[in-house]
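Welcome! Take a moment to look over the sequence and the 3D view below, and then we will walk through them together.

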Amino acid sequence: MKSAIITSILIGSAAAFAPVPQNKAVSTVAKASLEDIGGATSPAKNFDPLRLAQLGGDDTLAWFRAAELKHSRVAMLATTGYLVQATGAHFPGQLSSDVSFESLSTMNPFDAWEAVPLAGKAQIIGTIFCAELYTESKGVHYTKGGPLPEIVFPKFDFSNIDPAILEKKRCRELNNGRLAMIAIMSFISANNIEGSVPALTGNPAF
């Protein structure tokens, strides 16, 4: 299970810095459009050392941006959840008939996941699958020119927000998500490879 988590996050981070051009897939045009696409922020604007932005056409690049957003959002949730779990905070009551939230709060997050009953893990994975299916099947697909995947609950209306402010907030989301991907990869590395993250060595949460 741990190896699957590590692999999925590494794949997501590889796509994390590939901006999506809005013009058709001519290499010179795509490169020029990178200067204006959202997500190109300081200090490393259009950071793309693997030249992922040059692979395929517009549909491929749209897929890369969608993958970046999804992995960013999952990484932000994962990082926050890991840190909350590491503090020992927990819900009251029982997770199942024989597992209490309090008992899970005494473990590090990876051990706590292992202690979750199989039925609980199935519910979590099933919810993720339903969310993925919903975002991939509604309206025009993002690889065909439709909007990027979005799940917001409760639903917010962004139509009255100034476009410049909205663009700034989107860039912040991307930057925070990129940092969160680095953070959760560091947590996983520290948990599985002793001494791989010196700043976390000896911390009982890892």
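## A buried arginine to start with

Let us begin with Arg65, which counts as buried because its relative accessibility is 8%, and buried means under 20%. Keep in mind as you look that this is a predicted model. Arg65 lies in helix α3. Try finding Leu148 as well: it is 83 residues away from Arg65 along the chain, yet the two C-alpha atoms are separated by 8.1 Å.

## The overall plan

Now step back and look at the whole protein. How many helices and strands does the secondary structure come to? There are seven helices and two strands. Reading along the sequence, you meet them in the pattern α-α-α-β-β-α-α-α-α, so you can trace the chain by ticking off helices and strands as DSSP runs numbered from the N terminus.

The protein has 206 residues, and 33% of them count as buried. About 13,000 Å² is exposed, with carbon and sulfur atoms supplying 64% of that area. Contacts also tell us something about the fold: among those between residues at least 6 apart in sequence, 62% join residues at least 24 apart.

## Two helices that pack together

Arg65 brought us to helix α3, so let us stay with that helix, which covers residues 58-87 and has 30 residues. At 1.5 Å a residue, α3 should span 44 Å, and its end C-alpha atoms are indeed 44 Å apart. Just after α3 comes Gly88, with a positive phi near 90°.

Two packed helices are described by the angle between their axes and the distance between the axes. Here the partner of α3 is helix α7 (residues 163-192), and the two pack at about 55° with their axes 7 Å apart. That angle makes α3 oblique to α7. The crossing in which α3 passes α7 is left-handed.

Which residues meet where these helices pack? From α3 they include Arg65, Leu69, Ala75, Met76, Thr79 and Leu83. From α7 they include Leu174, Gly177, Ala180, Met181, Ala183, Ile184 and Phe187. As you look at these names, remember that an α-helix has 3.6 residues a turn, so residues three or four places apart point the same way.

## A closer look at Thr79

Thr79 is found in helix α3. Is Thr79 buried or exposed? Thr79 is buried, because its relative accessible area is 12% and the cut-off for buried is under 20%.

Leaving aside residues up to four places away in sequence, Thr79 touches Ala180, Ala183, Ile184 and Phe187. These four residues are also among those of α7 that meet α3. Another position to find is Leu179, which is 100 residues from Thr79 along the chain, with 9.9 Å between the two C-alpha atoms.

## Helix α6 and the loop after it

Helix α6 runs over residues 118-137, which makes 20 residues. From its first C-alpha to its last, α6 reaches 28 Å, close to the 28 Å expected at 1.5 Å a residue. Just after α6, Gly139 takes a positive phi of about 60°.

Moving on, His141 is found in the loop between α6 and α7. His141 is partly exposed, since its relative accessible area is 23%. Apart from residues up to four places away in sequence, His141 touches Glu136 and Gly146. In space, the C-alpha of His141 is 9.8 Å from that of Trp63, although the two residues are 78 apart in sequence.

## Ending on an exposed residue

Our last stop is Glu194, in the segment after α7. Glu194 is exposed, because its relative accessible area is 80% and exposed means over 50%. Glu194 and Phe206 are twelve residues apart in sequence, and their C-alpha atoms are 9.1 Å apart.

Definitions and conventions:
Residues numbered from 1 in each chain as written. Predicted model: local features only at pLDDT ≥ 70, side-chain atom pairs only at ≥ 80, totals over all residues. Heavy atoms only, no water. Buried < 20%, exposed > 50% of the residue type's maximum accessible area, 1.4 Å probe, protein only. Contact = heavy atoms within 4.5 Å. Areas by Shrake-Rupley, 256 points an atom, 1.4 Å probe, with all protein chains shown as cover. Expected span 1.5 Å × (residues − 1). Axes fitted to C-alpha atoms, helices over the stretch in contact; angles between N-to-C directions. Parallel < 35°, antiparallel > 145°, perpendicular 65-115°, else oblique. Left-handed = near helix turned anticlockwise from the far one by under 90°.
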